[in-house]
Amino acid sequence: MDASMNSDLGKFASEAADLLGTRGFTCDPELLDPWLTDWRGRYHGKAVGLASPVSTSEVAAIVELCGVHGIPIVPQGGNSGMSGGATPDSSGDALILSLRRMNGVRQLDTSAMQVTCDAGVVLQTLHEAAAKHRLRFPLTLGGKGSATIGGLISTNAGGTQVLRHGTMRAQVLGLEAVMADGSVLDTLTPLKKDNRGFDLKQLLIGSEGTLGIVTAATLRLLPETSDRLVIWAGLPSLQHARRLLLHCDKIAGDALEGFEVMPAHCLTAVLDHLPDARSPLAQQHEWNVLIELVAAGNGEDLQALAENMLTEASEQEFLDDAVISANEAQADTFWLLRDSISAAERAIGPAMQHDISVPVAKMPDFVETSSPQIEKRFPGTQVAAFGHLGDGNVHFHVLAPKGAKRGEWELAEGKDISAFVHDLVTQWGGSISAEHGIGQMKRDELGRLGDPAALAIMRSVKQALDPRGLLNPGKLVPLAKTDVTA
């Protein structure tokens with residue numbers, strides 16, 4: 001970096017500090033360091049500074065200042081993303097724009113069952129705010145204690161309730177965002193019918209900060225549940241799990257909110273990882289299913305519903321064994337086993353994680369066909385497919401052979417494995433990213449496998465809304481193969 005560039009960055013840092021104050025801007029390496037690495041520890045970057053505005057007007061002002069100096073901006077929420085989408089590159093000339101201090105609930109309308117909140121509100125905080133009014137926000141995931149609303153919107157997050165309520169996209173009624181030129185797009189007021197052209201909020205949802213920076217949102221809420229039951233079932237195959245899903249959906253209807261699957265070796269890994277954990281069932285089963293039923297205060301007897309549903313499933317040989325949670329504590333224990341898979345996996349060694357989807361009806365066939373293909377092609381590996389069978393999305397992980405060195409294996413054989421998995425998913429008509437986003441991890445793969453027409457439209461939209469390429473550069477949008485630098 002030459003002296004003039006150092007001088008330019010120094011001038012920017014000085015002006016940013018004047019604009020946001022000492023709490024709002026820092027270049028301190030110790031304060032920057034925790035935010036320069038992604039949650040999985042795969043991506044490390046550098047930054048000219050960390051901006052932490054407290055209002056939309058401050059976000060707009062710092063974006064304008066970045067435009068004056070040509071400073072790239074990397075928006076960041078809870079830094080809990082899975083695809084490196086919130087980590088700057090190694091150049092050191094980008095600004096991390098943290099939304100964490102923008103953490104207020106602006107308005108909660110109990111009659112309309114809507115809430116308007118800042119982008120930095122943590123998901124668990126939103127759950128608690130809604131619960132005080134006997135309402136709930138119908139999206140949850142394992143990282144709810146750190147994931148922020150802005151990040152969830154920017155990645156169109158999924159979670160464990162998509163089966164009944166849809167992804168984050170379905171929860172957003174209105175949006176506020178700062179665009180690349182510092183202008184503020186305000187569509188926070190929810191309208192049932194609005195035909196004034198493009199639905200711009202939907203364009204921003206899932207755009208990973210490459211088109212605009214989400215600063216607030218109006219979200220839908222639902223009545224709190226009056227009762228909940230969680231079922232743990234053992235089955236001989238994923239095909240049986242699919243049949244059980246269809247059966248549960250038919251019998252339980254809207255009461256069915258969760259349907260998660262995991263193979264035996266995933267449960268074994270969790271039991272080894274959690275010292276006080278116990279298997280819910282006495283015998284080991286090739287596959288395990290976690291089912292959640294909820295009642296919305298209409299007098300429905302969940303216990304009777306669950307017992308009837310499981311009795312019929314057993315008679316039709318959809319399952320081998322099952323247990324119904326006796327109380328909330330046991331229900332939480334069942335969920336802990338499911339939510340601890342990734343942590344248990346990390347403790348074992350390196351793995352290549354693939355968040356993929358295929359048409360729901362094809363998922364059992366895909367897993368049963370693809371798993372042996374991968375394990376044969378890459379000896380010593382083991383496939384771990386688990387997650388949201390009900391919406392055609394499983395976390396399709398490939399564990400490294402014993403003795404593989406973390407950090408090296410991923411960059412060598414791991415890359416070949418991911419390319420092979422993505423090829424298989426594409427052949428099955430699926431998606432290489434179901435709910436974790438593209439980020440920097442899958443950007444090139446999207447460019448390799450994506451539909452050319454769709455990629456061309458994405459590049460055109462990016463060019464139109466961010467012509468200088470300052471918003472989260474290097475993420476989501478693949479570069480055109482014929483790019484020519486003027």
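Leu203, in this predicted model, is partly exposed, because its relative accessible area is 36%, a value that lies between the 20% limit for buried residues and the 50% limit for exposed ones. The residue belongs to helix H7, which spans residues 200–204, and its side chain takes part in a nonpolar patch on the surface that also includes Phe198, Leu200 and Leu465. Together these four residues present about 390 Å² of accessible area.

Charged residues can be followed from here. Side chains of opposite charge can pair when their charged atoms come close. In this model the count of salt bridges comes to 17, and among them is the pair formed by Lys201 and Asp199, whose closest N and O atoms are 3.2 Å apart. The two partners fall into separate accessibility classes, since Lys201 counts as buried at 15% relative accessibility, whereas Asp199 is partly exposed with a relative accessible area of 38%. Arg196 forms another salt bridge, with Asp194, and there the closest N and O atoms are 2.8 Å apart. In that pair Arg196 is exposed, at a relative accessible area of 69%, while Asp194 is partly exposed, at 39%.

A further salt bridge joins the side chains of Arg448 and Glu445, with an N to O distance of 2.8 Å. Both residues lie in helix H15 (residues 443–449), and because they are three residues apart there, about one helical turn separates them. Arg448 is partly exposed, with a relative accessible area of 37%, but Glu445 counts as buried, its relative accessibility being 15%. Salt bridges also link Arg228, Glu292, Glu328 and Asp332 into a network.

The next stop is His247, a residue of helix H8, which runs over residues 238–252. With a relative accessibility of 7%, His247 counts as buried, because that value falls under the 20% limit. When its neighbours within four places in sequence are left aside, the residues in contact with His247 are Met309, Glu312, Ala313, Gln316 and Phe318. With one of these, Met309, there is a polar contact in which the side chain of His247 reaches the backbone oxygen at 2.8 Å. As for Lys362, its C-alpha lies 17 Å from that of His247, and the two residues are 115 apart in sequence.

Helix H12, covering residues 341–348, offers another view of burial, for its residues Ile341, Ala344 and Glu345 are buried. Looking down the axis of H12, one finds these buried residues within an arc of 100°, and therefore they line one face of the helix. Which elements cover those buried residues? The cover includes two helices, H9 (264–273) and H11 (328–339), together with strands E13 (256–263), E16 (351–352), E18 (382–388) and E19 (393–399). Just after H12 comes Gly349, whose phi is positive, at about 160°.

Definitions and conventions: Residues numbered from 1 in each chain as written. Predicted model: local features only at pLDDT ≥ 70, side-chain atom pairs only at ≥ 80, totals over all residues. Heavy atoms only, no water. Helix = DSSP H or I, 4+ residues; strand = E, 2+ residues; numbered from the N terminus. Buried < 20%, exposed > 50% of the residue type's maximum accessible area, 1.4 Å probe, protein only. Contact = heavy atoms within 4.5 Å. Polar contact = N/O pair within 3.5 Å; in protein donor to acceptor, adjacent residues only side chain to side chain. Arc of directions from axis to C-beta. Patch = residues over 30% accessible without salt bridge, like charges linked within 9 Å, V, L, I, M, F, W, Y side chains within 5 Å. Areas by Shrake-Rupley, 256 points an atom, 1.4 Å probe, with all protein chains shown as cover.
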